Amino acid sequence: MRAPRHAIAGLFGGLLLLGQAGADEIDRRILPVAPTYTRNATCASVSATIPFEIHTGTQDVGISPSPKDLPLNQGESAICFAYATADMISHRVGRPVSPLDVATKFYFADPARLETISDPHLKRHLRAHPAYRADIAWSRNTAEVTKDGNPALEPYFDKIEGGEEDMAALLYNIGGYCEDRDLPSNDGYRYVMPALRSLRYRTRLHPARQSFRAVAATASHLRGRWADSFNAAWIAHVEAVCRRVPLPVPLLPVSYRVAASQADFADMLESGRHPSKQKLDRILAMVDYALDHGRVPTVGYSWYLLEDRDPKDPDLFADHASPVIGRRKAEGTCQYRIQDNTGEYCGRMRDGIRERCDNGRIWVTESELRKTLYSVTYLR
């Protein structure tokens, strides 16, 4: 994520159409278009719960702590954005949404389908943000392809890494939601690995039997000789297993960022261009606003805030995303509770952090967050 975004301050924090605010305020399920963001002066306590359901992918398998006591975790995948976005959407719709479905739509859904959705709030949202297709393209172009088990760098679905929460949420308006029980996402690709292996084998034997229309709208670097057939087959598998349900509300993301990525944020610090206090205050004010209005926001920050970097780890920045599920005042300072989706044990975390960690749900102080915090997204 090194290229500048179309509008680095956040596409969804910018341009508005006259008359949109009044129309949306009539529907009390939808938050206003352009509220005044201010910090919660008293850091009043607030708590939110992400819907969770016990099923094949979350049952107790004899390990401790039990999967049923932990947030869904991304395992060995590198799609934290999809898990954070799924949590944000799950809280909004009241059902546990599959992160793998969120990632699939983010990488491959046709943005043109958004304009065919009849919801008036979404239509106004798209008109107010005419560059949304450019932002989707930019977001997809930031995705990378791992070499692990993939020496040819084919962009198979399960080899793609990275994404953006706001664009993932916007694209998830397409086609209804899929619950995690239908497409289990706990521990990354663990529960869908048999399907992935089967599809890899079948599409290698008969690549021409797959329709490539399903992947035609994605970024060119997410297309490949073998990957197109595999990804089209994966999309067909997802549609076969998902019992889709219409969204009860449109997903209207609002985002703001002071950097394009954690790497960009670190580069700003190193070059003496530290984001102003005012800009970081705005991110925290938007977090406060979302929490105070019944929303779970997501934030972009560095995983190394929570755990020390292994000197042998080639990832210098550990770009990460998590939902914020709580706020409190403790020992005279404001703290925010983030729900981590890495599956890491609390005992492996930094001194001072591990004491505030409970099964992947961690209290971090405002001052700790400010060291790496660079983006926020919530759903109106």
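# How the labels are earned

Q: What covers the buried residues of helix α7?
A: The cover includes α8 (227–241), going by contact, meaning heavy atoms within 4.5 Å. Helices here are DSSP runs of H or I with at least four residues, strands are runs of E with at least two, and both are numbered from the N terminus.

Q: What kind of model do these values come from?
A: This is a predicted model, where local features need pLDDT of at least 70 and side-chain atom pairs count only at pLDDT 80 or more, while totals for chains, interfaces and linings use all residues. Residues are numbered from 1 along each chain as its sequence is written, and side-chain values use heavy atoms, with hydrogens and water left out.

Q: How do you know that α7 reaches close to its expected span?
A: The expected span is 1.5 Å times one less than the number of residues. Helix α7 (residues 193–205) has 13 residues, which gives 18 Å, and its first and last C-alpha atoms are 19 Å apart.

Q: What makes one side of α7 the buried side?
A: Ala195, Leu196, Leu199 and Thr203 are buried, which takes a relative accessible area under 20% (exposed is over 50%, partly exposed in between; 1.4 Å probe, protein chains only). They cover an arc of only 95° around the axis, so they sit on the same side of α7; the arc is taken over the directions from the helix axis to the C-beta atoms. Turned away from that side are the exposed residues Pro194, Arg197 and Tyr201.

Q: Which residues of α9 are buried, and what do they pack against?
A: In helix α9 (residues 262–270), Gln262, Phe265 and Met268 are the buried ones. Their arc is only 115° around the axis, so they share one side of α9. They pack against β5 (298–302), β6 (319–330) and α11.

Q: What makes Ser261 a cap for α9?
A: A side-chain oxygen of Ser261 lies 3.4 Å from the backbone nitrogen of Ala263, at the N-terminal end of α9. For a polar contact, the limit is an N or O pair within 3.5 Å; within protein, one atom must be able to donate a hydrogen and the other to accept it, and neighbours in sequence count only if both atoms are side-chain atoms. After α9 comes Gly272, whose phi is positive, near 80°.

Q: Why is the pair Arg133 and Glu115 called a salt bridge?
A: The label needs a side-chain nitrogen of Lys or Arg within 4 Å of a carboxyl oxygen of Asp or Glu. Here the closest N and O atoms are 3.6 Å apart, so the pair makes the cut. Arg133 is in helix α5 (residues 132–141) and Glu115 in the loop between α3 (99–108) and α4 (120–128), so the bridge ties together parts 18 residues apart in sequence. Arg133, at 39%, is partly exposed, and so is Glu115, at 44%.

Q: How many salt bridges does a search of the whole structure find?
A: There are 26. One of them links Glu344 and Arg348, with N and O 2.9 Å apart.

Q: Where do Glu366 and Arg370 lie, and are they buried or exposed?
A: Both are in helix α11 (residues 366–370), four residues apart, about one turn of the helix. Glu366 has a relative accessible area of 17%, so it is buried; Arg370, also with 17%, is buried too. Their side chains meet in a salt bridge of 3.1 Å, N to O. They also belong to a network of salt bridges with Arg39, Lys277, Asp281, Asp288, Asp292 and Arg327.

Q: Why is β4 described as largely enclosed?
A: Five of the five residues of strand β4 (residues 253–257) are buried, so the rest of the structure largely encloses it. Pro253, Ser255 and Arg257 are on one side, Val254 and Tyr256 on the other.

Q: How do you know that β4 and β10 pair?
A: Pairing takes at least two DSSP bridges between the strands. β4 and β10 (residues 375–379) have five, in the antiparallel sense, and Ser255 has Thr377 as its bridge partner.

Q: What makes Ser322 count as buried?
A: Its relative accessible area is 0%. Ser322 lies in strand β6, and its side chain makes a polar contact with that of Tyr301 at 2.7 Å.

Q: Is Asn186 buried or exposed?
A: Buried, at 5% relative accessibility. Asn186 is in the loop between α6 (165–171) and α7, and its side chain reaches the backbone nitrogen of Asn73 at 3.0 Å.
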